[in-house]
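Q: Could you take a close look at the aromatic rings in this structure and walk me through how they pair up?

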Amino acid sequence: MTSSVPDVPPATQERSRRTLERIYLAGTHVLEKQGPSALTIANVAAAAGVSTGSVYRRFGSKDQLLTVIQHEFVEDFKAEMASRLNGEHLQPDASLSDVVRVAVQGFAETFEAHQRLLRELMLVSTENPAVLEVGSRGAIECGAMFRELLLAVADKITRPQPEEAIDYAYRLLYSVCAFRALFGENVESSRPAPWTALVEETATALCAYLGAGG
């Protein structure tokens with residue numbers, strides 16, 4: 001766990017830090033494998049091998065534990081996204097298509113890698129404003145990474161108001177990846193569309209949008 005988790009008393013002793021980490025990992029495991037309804041203080045305490053009192057003392061409530069899990073997940077998610085969107089392998093004269101494909105692939109790979117836990121957190125966020133707020137901040141910060149990458153080829157974007165077009169392109173990309181993580185491959189169509197195909201077709205669509213005139 002990071003040291004900047006909101007509203008969680010800092011653990012000053014090594015034993016306390018280990019207990020805090022164990023509870024957090026147990027909560028994450030329960031949420032990912034069994035879903036929000038199974039994330040009770042009793043279940044988390046049992047999975048962590050601690051008393052329910054230990055969980056309450058460190059996290060206060062189930063809602064606070066959920067917020068901590070979301071916070072930690074978002075921090076890891078952003079770091080992984082940043083490593084994929086740094087553009088270090090792009091040539092100085094990279095085309096709009098090259099850059100868009102790096103962005104789309106980076107997003108899709110990060111969503112695919114974490115889709116099980118991401119799905120549960122998105123479901124929780126529909127009823128928990130604190131979890132939604134943390135997730136929204138993370139999504140906006142990932143959008144800033146996307147924008148920075150695309151602004152490098154802003155001169156190749158032919159839509160009016162390129163920065164606004166980049167924002168809409170990001171909304172489209174985020175929606176596609178989030179919908180896939182939430183519902184899976186075939187909820188809207190029986191035609192096979194694995195992540196690899198989704199990357200290619202979404203990149204093609206975004207290139208067409210950004211490269212189109214008014």
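A: Happy to; here is a walk through the aromatic pairs, with a word on burial and on a charge over a ring. Please keep in mind that this is a predicted model.

A search of the whole structure turns up 9 aromatic pairs. One of them joins F107 and F146 in an edge-to-face arrangement, with 6.1 Å centre to centre and 85° between the planes. This pair links distant parts of the chain, since F107 belongs to helix α5 (residues 96-113) and F146 to helix α7 (residues 129-151), 39 residues apart. Both F107 and F146 are buried.

Now for Y170 and Y174: their ring centres are 5.9 Å apart and their planes meet at 50°, so this pair is tilted. The tilted label follows because the angle is neither under 30 degrees, as stacked would need, nor over 60, as edge-to-face would need. Y170 and Y174 both sit in helix α8 (residues 162-183), 4 residues apart, which is about one turn of the helix. As for burial, Y170 has a relative accessible area of 10% and is therefore buried, the cut-off being under 20%. Y174, at 26% relative accessibility, counts as partly exposed.

These two pairs also have a place in a wider picture: ring pairs link F73, F77, F107, F111, F146, Y170 and Y174 into a cluster.

Finally, there is a contact between a charge and a ring. The charged end of R180 sits over the ring of W195, 5.7 Å from the centre of that ring.

Note on methods
Residues are numbered from 1 along each chain as its sequence is written. This is a predicted model: local features need pLDDT of at least 70, side-chain atom pairs count only at pLDDT 80 or more; totals for chains, interfaces and linings use all residues. Side-chain values use heavy atoms; hydrogens and water are left out. Rings of Phe, Tyr and Trp (its six-membered ring) pair if their centres lie within 6.5 Å; planes under 30 degrees apart count as stacked, over 60 as edge-to-face and the rest as tilted. Helices (H or I, at least four residues) and strands (E, at least two) are DSSP runs, numbered from the N terminus. Buried means under 20% relative accessible area, exposed over 50%, partly exposed in between (1.4 Å probe, protein chains only). A charge sits over a ring if NZ of Lys or CZ of Arg is within 6 Å of the ring centre and within 35 degrees of the ring normal.
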